[in-house]
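Okay everyone, thanks for coming. Today I'd like to walk you through the empty spaces in a protein model, and then the ligand. Let me put it up on the screen.

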Amino acid sequence: MALFGTKTTTYRNYIGGEWVDAAGGKTFETKNPATGEALGVFPSSRAEDMDKAVEAAKDAYEHWRLVPAPKRGEILFRVAKLFAERKDDLAGEMTQEMGKVRPEAAGDVQEAIDMTYYMAGEGRRLFGHTTPSELRDKFMMSTRNPVGVVGAITPWNFPIAIPSWKIAPALVCGNTVVLKPAEDTPLLAERFVEIFEEAGLPPGVLNIVHGTGETVGAHLVRHPDVPLISFTGSREVGIQVTQNAAPLLKHVHLELGGKNAIIVMDDADIDLTVEGVLWSAFGTSGQRCTAASRVIAHERVYDELRSKLVGRAEKMQLGNGLDEETDVGPVINQAALDKIHSYTEIGKSEGATLETGGEVATESGLDKGFFYRPTVFGDVEPGMRIAQEEIFGPTTALIRANDIDEAIRTANGIPFGLSSSIFTRDVNKAFRAMRDLNAGITYINAGTTGAEVHLPFGGTKGTGNGHREAGQAALDFYTEWKSIYVDYSGKLQRAQIDAMDSPTP
Ligand code: UN1
């Protein structure tokens, strides 16, 4: 079944409001990770294509920053409505392009709908502050101002949601954008941009350039006319992005994944916990930044949890995400499959017990795609590589703990700090976890995934550099504060000095 074909299968860049071929004419092809079937041909762009896109975005900025924010928001309302109307088609195409099962793909689109409506509403808020002056006849306020051209570099695992997390706030704040999407999901990025075009976004305000990270991504990050960079991807590339952006002191937002843990206390509802672990560890085939790749279980419930989890994992149906019976779709590509399997070998050699999975699935035509069995390791020690490094696949590690202190210590003992969770019915333990888990997100009695768009999203330590996406926090990245002082006294009033005329208690 192919949903493609409504348009030609050769796609282009979108620069300054025109769909254009890349200079040099080089292309790359994408494939359905479930079937190996070819999907589309996309431009493999060069630095000069990126230069053109940045120039278009820079020119458009001079106009766009002056469009009243409520009017910018109105375009986003139209975008959100179009996302909602196309939700089904986009979800189907997403399943074909990156493999996640259709209900999850629909959730991805819904996240973009929610984010776009939320940020559209910001057009009539974008609140600043007023505060009284220490001097008479003087007025003070702060306003949020746009910054310029945003370089958005987005991953393949949430191919509609994550671009919306970056682009909706960037645009409502008055910035313009050049999008460099992941090479594994260029079609969804193309669809994303088509919707903004259809909603009436002026030419040049949003541009898309396809190609490799090394060529066009790195060029975007280094480009002198791009003061803001938002990147979601691996820790290694995040460090390179930071280094490349450093000479121009760019503002860089990073979201670099995690090694997220679910803590299971001895008073937890184990059946509910199993549901939470399955959803967080194996949903999107484990390819979420927020995936639960560690489960830290109290020794009194460890065995019960292990056997229920393994039983359920073994019943999970692998297959094409378009089939309703499928629980777990493919992983994104051969390199991912190889990496995931290499961690199975690492786990075995480290002495962990392979409880289930640990192999590439090839039966009933699965060999045409990239399928890996849901994998559970038991008897994992906190310092093992499978308990420290991000695998980004359907693999989770069971670790024992004797009490809440040890569980929290183990949960925190990693280089990342994105998501975290605890299953407990003890309110004291729940509050301990909320305070002491060193992560940007903590769930109580739910897995590690499920972020909603109106709270900040991001993490501590190696997950990023302190910025957050989503919610009001996103506005802090996509604007700069300006403090404005208006003196209407008609005389020179010096702060700190003439303020002394008034009595200080
Ligand atoms: C990601 O994996 O990069 O909370 C984003 C969640 C999703 C978003 C995940 N709503 O897991």
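I'll go through the pockets, then the ligand, then the cavities. One thing up front: this is a predicted model.

So, how do we look for gaps at all? You roll a probe the size of a water molecule over the atoms, and that shows where empty space is left.

Let's start with the largest pocket, which holds about 1,100 Å³ of space. It's lined by 41 residues, and the closest to its centre are Trp156, Phe231, Gly233, Ser234 and Val237. Which element gives the most to that lining? That would be H8, with 6 residues. Strand S7 (149-154) and helix H11 (334-350) are among the other elements that supply at least two residues each. By class, you get 19 nonpolar, 13 polar and 9 charged residues in this lining.

Now the second largest pocket, at about 430 Å³. Here 25 residues form the lining, and Glu111, Phe158, Arg288, Gly450 and Ala451 are the closest to the centre. Two helices give two or more residues to it, H4 (102-122) and H5 (161-172). H4 has the largest share, 6 residues. The lining splits into 9 nonpolar, 8 polar and 8 charged residues.

Okay, so where does the ligand sit? It's in the second largest pocket. There are 13 residues around the ligand, and Glu111, Cys289, Thr290, Gly450 and Ala451 come nearest. That shell has 6 nonpolar, 4 polar and 3 charged residues.

Let's zoom in on some atoms. A polar side-chain atom of Thr290 is 2.6 Å from an oxygen atom of the ligand. For Cys289, a backbone N or O atom lies 2.7 Å from a ligand oxygen, and for Ala451, a backbone N or O atom lies 2.6 Å from one. On its own the ligand has 320 Å² of accessible area, and the protein covers 96% of that.

Last stop, the cavities. How many of 30 Å³ or more are there? The count comes to 4. The largest has about 70 Å³ of space. Its lining has 15 residues, with Arg294, Ala411, Ser419, Ser420 and Ala439 nearest the centre. Helix H12 (404-412) and strand S18 (419-423) are among the elements that give two or more residues to that lining.

The second largest cavity has about 50 Å³. Look who's in its lining: Cys289, along with residues including Arg288, Glu390 and Phe392. And Cys289, remember, is also one of the residues that come nearest the ligand.

That's my tour, thanks for listening!

Technical notes: Residues are numbered from 1 along each chain as its sequence is written. This is a predicted model: local features need pLDDT of at least 70, side-chain atom pairs count only at pLDDT 80 or more; totals for chains, interfaces and linings use all residues. Side-chain values use heavy atoms; hydrogens and water are left out. A residue is near a molecule or strand if one of its heavy atoms lies within 4 Å of it. A polar contact is a pair of N or O atoms within 3.5 Å; within protein, one must be able to donate a hydrogen and the other to accept it, and residues adjacent in sequence count only if both atoms are side-chain atoms. Accessible areas come from the Shrake-Rupley method with a 1.4 Å probe; for residues, only the protein chains shown count as cover. On a 1 Å grid over the protein atoms alone, a cavity is a set of points where a 1.4 Å probe fits but cannot get out, and a pocket is an open set with protein on both sides within 12 Å along at least five of seven lines; lining residues have an atom within 4 Å of a point. A molecule sits in a cavity or pocket if more than half of its atoms lie within 2 Å of its grid points. Ala, Val, Leu, Ile, Met, Phe, Trp, Tyr, Cys and Pro count as nonpolar, Asp, Glu, Lys and Arg as charged, and the others, Gly among them, as polar. Grid points are joined across faces, edges and corners, and a volume is the space filled by probe spheres set on the points. Helices (H or I, at least four residues) and strands (E, at least two) are DSSP runs, numbered from the N terminus.
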